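Good morning, and thank you for joining this group meeting. Please keep the structure in view while I speak, as I will move from one region to another.

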Amino acid sequence: MRVVTLDHPADFDGWRTAARALAAADVPAHEVTWQVAGDTGDLLATAAEPPPAAPARFSVPRTFVDLAESVVCHSDPARFGLLYRALLRLRETPRLLEDKADPLVDRLEALRRSVARDIHKMRAFVRFREVTEEDGARFVAWFEPDHHIVRRNAGFFVRRFSTMRWSILTPEVCALWDGETLDFTPGATKTDAPDGDAVEATWRTYYASTFNPARLKVKAMLKEMPKKYWRNMPETALVPALIAAAGTRTEAMIEAGAPAPHAQSLAELAAAAKACTRCPLHGPATQTVFGEGPADAPLMFVGEQPGDQEDLAGRPFVGPAGQMFDKALAAAGVARATAYITNAVKHFKFEPRGKRRIHQTPQTPEIKACGVWLAAERAQLRPKLIVALGATAARAVLGRAVTIGKTRGQPVPLDDGSELWVTIHPSYLLRIEDPEAARAEYDRFVADLAQIRERLGALA
């Protein structure tokens, strides 16, 4: 049994040197024990140095080097042995890392992702506090990482805070920067770090003023900022109170929004809506997507909100759901050009996910904020018949939640003398995976539109 002792828990250079020599000597993975200086180690192993480095007889892809540099920072005691096993297998299978179904590759990738998350948390949640020393100010932070990431992550803080003298204290190792040299010293305790400084009151004021209650998602916030980090950040003391007051503050923001103008035409309404800031959705959206259609249209369709393609094009129902809608309208004998088509909410609500923007359902405050525009459209059009495409649209028109199954296929009288008909949103058809079920639901949607066309003829 060969024992390899590394200098510290994230000693990639030491692992690489030893692994090269062992692989060149064809030492099997089960005959190697990896340990870190200061650890107890394998009591049954016989201490021995790895064989001297020999000329490399194979090469590994750069992707493996990058993977190994990350995985050695994990806290899993088996990480060095797992990487050595992968190194030996790469000699026979150079494209091993492309096989994501391989158990070893899958495990290494999971370790890499965990390290990446920990690195991100450290960059996001380290909070420096100023202390005065004989030779000037130093900024000190306390952080408790899950893995051995301090050495790997220190360069980020050097680049970000190159003109500051700072120390990041952790239980395992401390990183110190004096403006010119980065040094690492043994770990510290939380009592070695300051509890606060003079600027924290200003920082808390800034955080409270920039907190947006209308975009609050508690579960998402806790996923991104777990409570284990709260005790080391000054602003988190404010979070419980900010969450408790979020609903009231959101309502106040909506009430303070600019009222809908007294426009003389749909065109003037559309122009005014471009500058709408009644709810926070206007910020990330590309543009306002207002309704379109004849000013005297007797038939009005109301959807939920613009999607990704509508947000980019500035027109309602032009994406995949819009194409499905057009197809169903044609099958039902309804000419789109004769109807007015709009949405309950005029801005695209989404969650960024890489390069994609994932649709999110509008909530009551956003529906209420946009209600003035829908009401203004109805006042200008005075349609005989309004069709709500989906539950969100029905809620926007009626001011209360309804169940599509209970209201579908029958008229709902409205206060202005018009009728509301409720049916599904065409995007629902795109989410049905079973082809037979999708065809049946599409036929039912076409039947709804045909019934609406007949009812409109009767009202005329």
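Let us begin with one residue, Asp7. Leaving aside its neighbours within four places in sequence, Asp7 is in contact with Val36 and Ala37. Asp7 sits in the loop that links strand 1, residues 2–6, to helix 1, residues 12–24. Is Asp7 buried or exposed? Asp7 counts as exposed, because its relative accessibility is 62%, and the cut-off for exposed is over 50%. Consider also Gln35, which is 28 residues from Asp7 in sequence. From C-alpha to C-alpha, Asp7 and Gln35 are 9.1 Å apart in space.

I should say at once that this is a predicted model. The average pLDDT of the protein is 87, and 82% of the residues score at least 70. One stretch calls for caution: over residues 42–48 the pLDDT stays under 50. For that stretch, the model has nine contacts beyond four places in sequence.

Now the overall picture. How many helices and strands does the protein have? There are 17 helices and 14 strands. The protein has 460 residues, of which 45% count as buried. Among contacts with a separation of 6 or more, 71% are between residues 24 or more positions apart.

I turn next to the interior. The largest nonpolar core has 54 residues. Which of them touch the most other members? They are Trp15, Trp34, Phe64, Tyr84, Leu108 and Trp166. This core takes at least three residues from domain 1, residues 2–121, and at least three from domain 2, residues 126–192. Apart from this core lies another, of 30 residues, including Leu281, Ala369, Cys370 and Trp373.

Let us look at Leu108, one of the residues just named for the largest core. Beyond its neighbours within four places in sequence, Leu108 is in contact with Leu67, Val71, Leu82, Leu83 and Ala86. Leu67 and Val71 also appear among the buried residues of helix 2, which spans residues 62–71. The others buried in that helix are Phe64, Val65, Ala68 and Ser70. Against what do the buried residues of helix 2 pack? They pack against helix 1, helix 3 (79–92), helix 4 (103–125) and helix 5 (150–160).

We come now to a sheet. Five strands form an open sheet in the order 3-4-5-6-7, with mixed pairing. Which strands lie at its edges? The edge strands are strand 3, residues 129–133, and strand 7, residues 182–186, and each pairs on one side only. On average, neighbouring strands of this sheet are turned by 25 degrees against each other, direction ignored. As general background, strands of a sheet pair through backbone hydrogen bonds, either parallel or antiparallel.

Within this sheet, I would like to follow strands 5, 6 and 7 in turn. Strand 5, residues 166–169, is joined to strand 6 by three bridges, and the two run antiparallel. Strand 5 and strand 6 form a hairpin with three residues between them. Here Trp166 stands opposite Trp177 in strand 6. Trp166 is also one of the core residues that I listed earlier.

Strand 6, residues 173–177, is joined to strand 7 by five bridges, again in an antiparallel arrangement. In this pairing, Trp177 has Leu182 of strand 7 as its bridge partner, and Leu176 stands opposite Asp183. Strand 6 and strand 7 form a hairpin with four residues between them, and in the turn Gly179 has a positive phi of about 100 degrees. Why is strand 6 described as largely enclosed by the rest of the structure? The reason is that four of its five residues are buried.

Finally, some words on backbone angles. Most residues other than glycine have a negative phi. Two residues here merit attention on that point. Phe317, which is not a glycine, has a positive phi of about 55 degrees. Phe317 lies in the loop between helix 11 (308–313) and helix 12 (320–332). Arg382 is likewise not a glycine, and its phi is positive, at about 50 degrees. Arg382 lies in the loop between helix 13 (364–381) and strand 12 (385–389).

Are these two residues buried or exposed? Phe317 counts as buried because its relative accessibility is 4%, whereas Arg382 is exposed, with a relative accessible area of 68%.

Thank you for your attention.

Conventions: Residues are numbered from 1 along each chain as its sequence is written. This is a predicted model: local features need pLDDT of at least 70, side-chain atom pairs count only at pLDDT 80 or more; totals for chains, interfaces and linings use all residues. Side-chain values use heavy atoms; hydrogens and water are left out. pLDDT is the predictor's confidence in each residue, from 0 to 100. Contact means heavy atoms within 4.5 Å. A nonpolar core is a set of buried Ala, Val, Leu, Ile, Met, Phe, Trp, Tyr and Cys residues joined through side-chain atoms within 4.5 Å. Buried means under 20% relative accessible area, exposed over 50%, partly exposed in between (1.4 Å probe, protein chains only). Domain bounds come from an automatic or database domain assignment. Two strands pair if DSSP finds at least two bridges between them. Axes are lines fitted to C-alpha atoms, for helices over the stretch in contact, and angles run from 0 to 180 degrees between N-to-C directions.
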